[in-house]
Amino acid sequence: MISSVAFAQNNTMPDRLFEAHKKFKETSLTQRRFKQKDILPLIAKRSENPLYQIEQAGSSFEGRPIQLIRVGKGSKKVLLWTQMHGDEPTATMASFDIFNFLEGKNDGFDAFRKNILDNTTLYFVPMLNPDGAERYQRRTAQGIDMNRDAAARQTPEAVLLKGLVDRLKPDFGFNLHDQSPRYSAGRSPKVATISFLATSYDYELSINPVRERSMQLIVGMNKILQKYIPGQVARYADDHEPRGFGDNVQKWGTTLVLIESGGYVGDPEKQYIRQLNFMTILSALGNIADNSLTKENREKYYDIPENGRWVYDLVVRNATVRQSGKSFTADYGINRNEVNYSNATKFFYYSKIEDFGDLHPQYGSEELDATGLTVEKGKVYPTSFRNLGEISKLNALNLLKEGYTYVRLTPDSNTRAAGLYFTSSPLHILRSSQGGPSGTPGLGNTATFILKKGTVVKYAVVNGFVYDLDKEISKSGNGIVE
């Protein structure tokens, strides 16, 4: 039975955790493309802290150590693993924020902290796929999706995780992922910032007490998140995946919650979503510690809308298109895809026209109404340049107003000889070997074009980013070199 005082504290705790996050945020992790070498010192410095027990649980395919971090002394065992997919690091960042929190004292959280540490034993596996993280790729070094390897266990990382489940017999598990930033929360324009799944352990989608607790935990976490991301929480369809770790861990008797960190407009490095993870996971651990999760109605799990694929990064609506002497109106659906560079520690955007036509059922995280505007390919500037430094000195706004979206490099340019690259200039750079634009921009093209009202260029879209030419634009942009 939960006392009224404890119930009131539980209701206010998420807000307090959210506000306090900046105090506990691990400052050495500020962007998503970190590697195992960046977290090993954070683990090592805790090896002499009596709060923790740290062991090497195994090694990756390429021989990188995979650590298990134990904290707490309670009877309820919770196993949390992150970066099963190497390019899904949000919860790894949040885990080190949680460690900082658990080490705190005399800050107003002592009772909450004690509740967790006295009633649960937490087992963290941060970065289960360090080989994938090294490359910032989903799959392991073997090219296998570890989350489809629970049955065959062809990867040493999957063998390790199954071994931990067998050895620890956790009561609860958190399978922590990232998902595409283009999922929508149901059929809506809202991006799914956090998605959940109470994984199914059979094709019949049965609900036993183990899975029911998953649903109850998710219902509680959804309530918390609605204050911060209203309408931006979703859930995956319950379809059973017999190869998936989440489904199998649930079948093996552990109450399993899958959390996916999606997208949030203006948060490319997922620092706000990291804060939401910190708040939500700690709140859920508190609910496990005092068993308050049992007050939640599992049926409300189904009130959470399913993930949809209804969002593009940019939708240009109602543009007039001219082809073969005829005109018609169409929409453009554009996605900005991340391209890794600098040993996968950084990225730039390469944007493509993913769909074209009537897109009224879809939405854009950013939308531009092009009613009354005609879409055209931009022109190539007549002068070629030796390097990107020379191009950066151009007045990009004036060029774009004149309809020039493309600038060409000379044959002797020392800019990277091949492959995609980027420029901070809001222009599309062509290497000497590249032909100029032709025809009307369409499906599969790089998303660079202009929008004109009569003879006046009103907007330029360069590599999927919109520039309003009635306003000043920064010299710094998201240009592309092809």
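The exercises below work through the sheet, its helices and the two largest pockets of a predicted model.

Residues are numbered from 1 along each chain as its sequence is written. In this predicted model local features need pLDDT of at least 70 and side-chain atom pairs count only at pLDDT 80 or more, while totals for chains, interfaces and linings use all residues, and side-chain values use heavy atoms, with hydrogens and water left out.

**Exercise 1. Establish the strand order of the open sheet and identify its edge strands.**

Step 1. Strands are DSSP runs of E with at least two residues, and helices are runs of H or I with at least four residues, both numbered from the N terminus; two strands pair if DSSP finds at least two bridges between them.

Step 2. With mixed pairing, 8 strands form the open sheet in the order β1-β2-β4-β3-β5-β9-β7-β8.

Step 3. The edges are β1 (52-59) and β8 (233-235), each of which pairs on one side only, and the twist averages 20° from one strand to the next, where axes are lines fitted to C-alpha atoms (for helices over the stretch in contact) and angles run from 0 to 180 degrees between N-to-C directions.

Step 4. Within the sheet, β7 (residues 194-197) and β9 (residues 255-261) run antiparallel and are joined by 4 bridges; L197 has L258 of β9 as its bridge partner.

**Exercise 2. Describe how helices α2 and α9 are placed on the strands.**

Step 1. Contact means heavy atoms within 4.5 Å.

Step 2. Helix α2 (residues 36-44) lies across β1 and β2 (65-72), and runs at about 35° to β2.

Step 3. Helix α9 (residues 271-290) packs on the sheet and touches β3, β4, β5, β7 and β9, its direction making about 165° with that of β3.

**Exercise 3. Characterise the linings of the largest and second largest pockets.**

Step 1. On a 1 Å grid over the protein atoms alone, where a 1.4 Å probe is used, a pocket is an open set of points with protein on both sides within 12 Å along at least five of seven lines, and lining residues have an atom within 4 Å of a point.

Step 2. The largest pocket is lined by 29 residues, with R32, P181, R182, R336 and E338 the closest to its centre; β12 gives the most to this lining, with 4 residues.

Step 3. Counting Ala, Val, Leu, Ile, Met, Phe, Trp, Tyr, Cys and Pro as nonpolar, Asp, Glu, Lys and Arg as charged, and the others, Gly among them, as polar, the lining of the largest pocket divides into 8 nonpolar, 8 polar and 13 charged residues.

Step 4. For the second largest pocket, the lining has 6 nonpolar, 10 polar and 10 charged residues, and N147, R148, Y236, L258 and E260 lie nearest its centre.
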